[in-house]
Amino acid sequence: MAVSNGASELKAGTNAQAAAGAKLSALFAGTMGPLIGLVLLCLALSLTTDTFLTVRNILNVLDQVTVLGIMAIGMTLVILIGGIDLSVGSVLALAAMVMGFVAHPDHLNLGMPAGIVTALVVAGLCGLVSGLLVTVTKLPPFIATLAMMSVARGLANMITDGSQIIGFPDWFTSLSIIRHFGFLSVTVGLMIVLAIIFAIFLNYRATGRSLYAIGGSAEVARLSGIPVKSLTNWVYAVCGVLAGLAGIVLAARLDSVQPSSGFGYELDTIAAVVIGGASLSGGVGSIGGTAIGVLIIGVLRNGLNLLGVSPFIQQVVIGVVIALAVATDTWRRRAQ
């Protein structure tokens, strides 16, 4: 009897370890290829430049990818359900302009807290409208968010008639400058915390797992009792809020806001998610993979700058990387 009980306990312990390992691997599902690519990229840049592997440069890379990283978290949720959001760059600009207009002494002068809250609310509403256009009017996500991209950019320009707003309180700009513990700024810490929270949500909460089901087949998910429409609206709203938060982080870095902010960011954001292993057809992806995709783009841009490569050639390189990532996704789905 004692031997039997011992065997049962050993088996239970083994099963628990296997379950824990499975959950951990789920956090980084499908990221082996992107991770190998990131390691090889870092190795190549460390051999071709003298400054890439310095602590200062690595910290600079983290600072540079903060805005992209926050936006990519929201885009991951959208792509998981089989959607796309082309408006995130414009929503970033609109949220930043709203914050500046509400908070700056030359305008409403209601203070930074009021400006930040208002900006996040406006960004969330933009995302919610995009979601409603998809779920209620049945517009394709591409068309719905393309329309929101134009509307948000226009509103951003209307707020100050196209003028930028410069100068924010020192405590606000220091959020992206002061490195606590010698290496971690508040904005980078915010990106890391958000990534952890959403990774846990997607893998350990029923609602998070439902997003994968919607991306796999929205009709099957609906027949299974999953509230597809409400979750779709919620996902687009969260993506909008995170785009607005990225706009606030960008304002802290630049100590200014302007209507042209975020131009083209939607392409980098989508690219980061796809490079990280997500499928544009939905149902496949992870926050861990997205984090690797963000780092690949950040490291690539940083390395090309260190090598003195023209910005125009950088655009070509990024485009080739995006094409390879999408092609890899297509080959993987065909193989399956």
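## Exercises on a predicted chain

Glu-219 counts as partly exposed, at 42% relative accessibility. The classes are buried (under 20% relative accessible area), exposed (over 50%) and partly exposed (in between), with a 1.4 Å probe and protein chains only. The model is predicted: local features need pLDDT of at least 70 and side-chain atom pairs pLDDT 80 or more, whereas totals for chains, interfaces and linings use all residues. Residues are numbered from 1 along each chain as its sequence is written, and side-chain values use heavy atoms, without hydrogens and water.

### Exercise 1: Confidence

State the mean pLDDT of the chain and what share of its residues reach 70 or more.

Solution. The scale comes first: pLDDT is the predictor's confidence in each residue, from 0 to 100. The mean for the chain is 89, with 90% of its residues at 70 or more. Next come the weak stretches. Residues 9–14 have pLDDT below 50 and zero contacts beyond near neighbours in sequence, a contact being heavy atoms within 4.5 Å. For residues 18–22 the pLDDT is also below 50, again with zero contacts beyond near neighbours in sequence. Where pLDDT is low, the predicted coordinates should not be read in detail.

### Exercise 2: Salt bridges

Find how many salt bridges the structure holds, and place each partner.

Solution. The criterion is a side-chain nitrogen of Lys or Arg within 4 Å of a carboxyl oxygen of Asp or Glu. By this criterion there are three salt bridges.

- Step 1. Glu-219 pairs with Arg-222, their closest N and O atoms being 2.6 Å apart. The two residues are three apart in helix α10 (residues 218–223), so about one helical turn separates them. Helices (H or I, at least four residues) and strands (E, at least two) are DSSP runs numbered from the N terminus. Arg-222 is partly exposed, with a relative accessible area of 46%.
- Step 2. Arg-179 and Asp-63 meet at 2.6 Å, N to O. Arg-179 sits in the loop between α7 (170–173) and α8 and Asp-63 in helix α3 (residues 55–80), so parts 116 residues apart in sequence are tied together. Arg-179 is partly exposed at 28%; Asp-63 is buried at 12%.
- Step 3. Arg-301 and Asp-268 meet at 3.0 Å, N to O. This pair links helix α13 (residues 287–306), which holds Arg-301, to helix α12 (residues 265–275), which holds Asp-268, 33 residues apart. Arg-301 is partly exposed at 28%, and Asp-268 is buried at 17%.

### Exercise 3: A charge without a partner

Which side chain of opposite charge is nearest to Arg-153, and how far away is it?

Solution. Arg-153 belongs to helix α6 (residues 141–159). For charge, Lys and Arg count as positive and Asp and Glu as negative, with His and the chain ends not counted. The nearest opposite charge is Glu-266, 5.3 Å away, and the buried Arg-153 has no salt bridge. Not counting residues up to four places away in sequence, Arg-153 touches eight named here: Gly-89, Ser-90, Ala-93, Pro-259, Ser-260, Ser-261, Gly-262 and Phe-263.

### Exercise 4: Helix α8 and its aromatic pair

Compare the expected span of α8 with the distance between its end C-alpha atoms.

Solution. The expected span is 1.5 Å times one less than the number of residues. For the 19 residues of α8 (residues 186–204) this should be 27 Å; the end C-alpha atoms are 26 Å apart, which agrees. Buried residues of α8 include Met-191, Leu-194, Phe-198 and Phe-201.

The rings are next. Rings of Phe, Tyr and Trp (its six-membered ring) pair if their centres lie within 6.5 Å; planes under 30 degrees apart are stacked, over 60 edge-to-face, and the rest tilted. The structure holds three aromatic pairs. Trp-171 and Phe-172 form an edge-to-face pair, 6.0 Å centre to centre with 80 degrees between the planes. The centres of Phe-201 and Trp-234 are 5.5 Å apart and their planes at 50 degrees, so this pair is tilted. Phe-201 lies in α8 and Trp-234 in helix α11, so the pair ties together parts 33 residues apart in sequence. Phe-201 is buried at 16%; Trp-234 is partly exposed at 33%.
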